[in-house]
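Notebook open, coffee poured. Today I am looking up pockets, cavities and one helix.

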Amino acid sequence: MDTIVLNQQDSKFKEEIASRPGAENFKLCFTCGTCTASCPVAEVNDEYDPRKIIRMSVFGMREAVLGSDVIWMCQRCYVCYARCPQNVKFADVMGVLRQMSVEEGYSPKERIEEIDKLDRFCQELRCDLVQNLTNPDDKLSSSIKAKLEKHLER
C-alpha cells in the first residue's frame with residue numbers, strides 16, 4: 001500500500017466536489033461500507049470500491065480520482081444512494097466526479113455520452129436476457145446475439 005502524504009494533496013478538492021449540485025453531502029461519509037456492500041459493480045470487480053473513492057477524494061487525491069478509469073464503472077443504479085445512512089448520494093457524487101474529470105481534461109468530453117449509451121445498452125440487454133430466460137424464444141436469442149456482435153464490432 002502506498003503512503004499518502006496529505007500535504008502533497010489538493011486540500012480544496014473535497015470542497016470543490018461538495019460545492020456541486022448532488023454532492024453536497026459527500027463529506028458526511030464515515031466509511032461504513034454500506035455502499036460497497038450493496039454495489040453490484042463491487043460484487044463483480046475487486047478494483048471498484050465506492051468507499052475508497054470517497055476517501056481518496058476527501059484526502060485531496062485529485063489526479064488519482066479524476067484520472068482513474070474506476071469512476072466510469074459505476075452503473076448509477078442508486079442502490080448505494082437508497083441505503084446510505086448518511087444520505088451521501090454516491091451515484092450523484094460519481095456524476096460530479098465524471099463531469100470534473102471531463103472539465104479538467106482527464107477524460108475526453110465524449111466519455112459521458114459513451115457511458116450513457118453503454119448503460120442503456122446493458123439495461124436493454126439485461127431485459128432481453130431475462131425475457132429469454134423466462135420465455136425462451138429462438139428469435140429473441142438471435143436478436144441478443146446480433147446486438148452483442150454489433151456492440152463488439154466497435
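How many nonpolar, polar and charged residues does the lining of the largest pocket have? I get 9 nonpolar, 3 polar and 1 charged. My classes: Ala, Val, Leu, Ile, Met, Phe, Trp, Tyr, Cys and Pro are nonpolar, Asp, Glu, Lys and Arg are charged, and the others, Gly among them, are polar.

Note to self on the source: this is a predicted model, where local features need pLDDT of at least 70 and side-chain atom pairs count only at pLDDT 80 or more, while totals for chains, interfaces and linings use all residues. Residues are numbered from 1 along each chain as its sequence is written, and side-chain values use heavy atoms, with hydrogens and water left out.

**Largest pocket.** I looked up its volume and found about 310 Å³. On a 1 Å grid over the protein atoms alone, a pocket is an open set of points with protein on both sides within 12 Å along at least five of seven lines; a cavity is a set where a 1.4 Å probe fits but cannot get out; lining residues have an atom within 4 Å of a point. Points are joined across faces, edges and corners, and a volume is the space filled by probe spheres set on them. There are 13 lining residues, and Val-41, Met-73, Gln-75, Leu-118 and Asp-119 lie nearest the centre. Helix 8 (111-134) and helix 3 (40-44) each supply at least two of the lining residues, and helix 8 gives the most, with 5. Helices here are DSSP runs of H or I, at least four residues, numbered from the N terminus.

**Cavities.** I searched the whole structure and found 2 of 30 Å³ or more. The largest holds about 120 Å³. It has 16 lining residues, with Cys-29, Cys-32, Cys-35, Cys-84 and Val-88 closest to the centre. Helix 2 (34-38), helix 4 (50-58) and helix 6 (79-83) each give two or more residues to that lining.

The second largest cavity comes out at about 80 Å³. Of its 15 lining residues, Cys-39, Pro-40, Cys-74, Cys-77 and Cys-80 are closest to the centre. By class, the lining splits into 13 nonpolar, 1 polar and 1 charged.

**Helix 8.** Back to the pocket's main contributor. I checked its span: with 24 residues at 1.5 Å each it should cover 34 Å, and its end C-alpha atoms are 34 Å apart, so the two agree. The expected span is 1.5 Å times one less than the number of residues. Its buried residues (under 20% relative accessible area, 1.4 Å probe, protein chains only) are Ile-115, Phe-121, Leu-125, Asp-128 and Asn-132. They pack against helix 7 and helix 9 (138-152), with contact meaning heavy atoms within 4.5 Å.

Conventions. Buried < 20%, exposed > 50% of the residue type's maximum accessible area, 1.4 Å probe, protein only.
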